[in-house]
Structures are given as C-alpha cells and as structure tokens.
Amino acid sequence: MRRAFFRLFAEEAADIAAGRYRVPADLRTPPDLRALLAQARRYYEEAGTISRRAHRRGGAVETRKIAPAGLPSYYVQNFHFQSDGWLSDPSAEIYDTQVESLFTGAADTMRRRGLPLLLDEIDRVAGEEGRAPVLVDIGCGTGRLLADCLVNRPHVDAFGLDLSTAYLRVARNHVGRDRAAFIQAPAEQLPFADHSVDILFSVYLFHELPAKVRERVAAEFSRVLKPGGYYLHIDSVQYGDTAMDIMLEGFPRAVHEPYYDAYCRQDLDALFASGGFARVEGDERIAFLTKVTPYRRCEA
Ligand SMILES: C[S@@+](CC[C@H](N)C(=O)[O-])C[C@H]1O[C@@H](n2cnc3c(N)ncnc32)[C@H](O)[C@@H]1O
C-alpha cells in the first residue's frame, strides 16, 4: 500500500515535470491556516456524529426527513453515514476534507491521474474540429477534477451535473461560475440532446449507484455522446486490480456504501459495451485506490 501511495505522487510529479499539466493551485499557494483549523474542527465534530450514527439502527436513512420531493429513493440515504447524505450545505462544505482524510491526502492526486487523458482528448477535438469541445462531468460533486481540467484548458464548453444543489453550489464556487455551467439532474436522465457531447467523465459516481441505475446511466452516456466520443471512467479499484482486495471487503460495511461491493465485482467493459463503448487499450491506469478507465463510443 505504501509503495502504491508514493508511486501515485511520483507519477503526478513526472507528469507536471513533463509539462502535461500545471502545478495544481493548492500545491502552489500556502494554505490559509485559520481556515484550515476551522475546517479541521468541523471535520472532527462530524466524525464523532458519523461514528455514533454508524452504531445506531436506521442511521443510514434519516436523510429522508429533509429530502425534497422528486429525488430517487436510492439517492436519499446518509451515504458514508454522513449527516444529511448529499443534501445539505454543511455536508457539501465538509466533503472534500472528508475524502482527503479518508485517502490520507491522495484524493485529488488520484483524480488527476485522469487529467492528462482528458486534456489530450480536449486538444484532439479542438485541433480536428476547430471548436471548443463540449465536456460534461457527471456526478461532479464539488467539482475537483473539473476545476483542474479548466485551469489547464479554459476554452471548453463545460458542464458540471449532479443531483445535489448543495454540492453544485460548492462546485460553482470552486470551479468558477464563468468557467462552466452547473445543472441539477440525474445521471440516468441527462438533459442533453442525442449525440451532442464530445467528452464525458465521472469520478467516484458509479459505486454510489444501484446496479440497475448503472445500466441506465451507461445507456444515457451512449445516447448523448457523439459517435466516436470519449468517456473517462474514474472510480474505486475493483476486486483483482491490486493486492489490496481485503480493504474493499471491509469498506462498504464500515462506511455505509450500499452499492460498493457489487460495483467492485462489476464487469465495466461489459457494462459499457452494451452502449457501444470499447475500452481504449493501453491508457488504463491504477492510481493507488482509484482506477482510471477510458472508453470510446463506436462511430455508428
Ligand atoms: C462520491 S461523490 C463524487 C463527487 C465528485 N465527482 C468527486 O470527485 O468527489 C458522488 C456524487 O454523485 C452525485 N450523484 C449520486 N447519484 C447521482 C445521480 N443519479 N445523478 C447525478 N448525480 C448523482 C452525488 O450527489 C455526489 O455529489
């Protein structure tokens, strides 16, 4: 594990040294210590609440009391036992700290192992077609990878899509409201016309979805992507990908990830093949506990 962790940062350093992307903003500028301490306090308060909820019956579903109408029932849960699930400002404001803590500071770097692939694809479409590519981050959450992408390639017709208005608010601030449009909609019913998108990506979305919904989302990706379009799938490693399978076994029970175990057993190539996608051989990569898998939609 330790080797995989350090390899991740060595790979990012090599990509930056080779000029494949800019040094990320939060590595360039010193942190605001006061803000950091305030965030740490919120994090520890919430960690106590999560721990109590994890040991209580019904701790996973109390979000139902605050959920607005119209959201899918699988979505309305306290995922990770976090307060309010995806549905409140405090949840959205603490999320990045929680994820970085869970992955001991590796989360953004794991996401960015997909960044050179996205930038290459943006350059390819822009170069071949002489226009700004349409790029959509599905289940963008707080928009971490979308922001890194647009810092490096601002001339993109970019969208962040998520079901949570609270997370979209944080994403809008982090990414910049002028850089992308943000849309509240379900991944399984995308508000884009057939064959209208050049590039799609999702980060840590599919493991949060029931199996049937994963199939519907894959079908939507196929519908909205142009023939020959590109989809970059970034999510947890799966069984057999690393020597760390034992971690995948305990994780879903400990942190209330109801669909994670089934996701870790999902044949991704088969899931996306049904929508006419083929994996881009040779570009896949394992980034510590994350797997980056690129797909291209068939031309027909
Ligand atoms: C684990 S978070 C990942 C967020 C972000 N992509 C990241 O890199 O951290 C999952 C996100 O997917 C969103 N989400 C879950 N189910 C969704 C659905 N059916 N349609 C759209 N967004 C969904 C959640 O609101 C949440 O923001």
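Domain bounds here come from an automatic or database domain assignment, and the model itself is predicted.

**Exercise 1.** Work out how the chain is divided into domains and what separation their centres have.

*Solution.* Start with the bounds: domain 1 covers 33-102, and domain 2 covers 108-297. Next, take the centres over C-alpha atoms; they sit 22 Å apart.

**Exercise 2.** Find how much area domain 1 and domain 2 bury between them, and which three residues of domain 1 supply the most of its share.

*Solution.* First get the contacts: 23 residues of domain 1 touch 25 residues of domain 2. Then the area: the two domains bury about 1900 Å² between them, with 58% of that on carbon and sulfur atoms. Now look at domain 1's side of it: Tyr74, His80 and Asp96 supply 28% of the area it buries against domain 2, more than any other three residues.

**Exercise 3.** Sort out the polar side of the interface: how many salt bridges and polar contacts link domain 1 and domain 2?

*Solution.* Count the salt bridges between the domains and you get two. For a salt bridge to check by hand, try the side chains of Arg144 and Asp96, which meet at 3.4 Å, N to O; the cut-off is 4 Å. Moving on to polar contacts, there are 15 residue pairs between the domains. Finally, split the residues on domain 1's touching side: twelve nonpolar, seven polar and four charged.

**Exercise 4.** Is the chain as compact as a globular protein of its length, or less so?

*Solution.* Begin with the inventory, twelve helices and eight strands. The radius of gyration is 19 Å, close to the 19 Å the globule rule gives for 300 residues, so the chain is as compact as a globular protein of that length. For the box, the C-alpha atoms fill roughly 55 × 45 × 40 Å along the principal axes.

Methods. Residues are numbered from 1 along each chain as its sequence is written. This is a predicted model: local features need pLDDT of at least 70, side-chain atom pairs count only at pLDDT 80 or more; totals for chains, interfaces and linings use all residues. Side-chain values use heavy atoms; hydrogens and water are left out. Contact means heavy atoms within 4.5 Å. Buried area is the accessible area (1.4 Å probe) that two parts lose on being put together, summed over both. A polar contact is a pair of N or O atoms within 3.5 Å; within protein, one must be able to donate a hydrogen and the other to accept it, and residues adjacent in sequence count only if both atoms are side-chain atoms. Ala, Val, Leu, Ile, Met, Phe, Trp, Tyr, Cys and Pro count as nonpolar, Asp, Glu, Lys and Arg as charged, and the others, Gly among them, as polar. Helices (H or I, at least four residues) and strands (E, at least two) are DSSP runs, numbered from the N terminus. The radius of gyration is taken over C-alpha atoms; the globule rule is 2.2 Å times the number of residues to the power 0.38.
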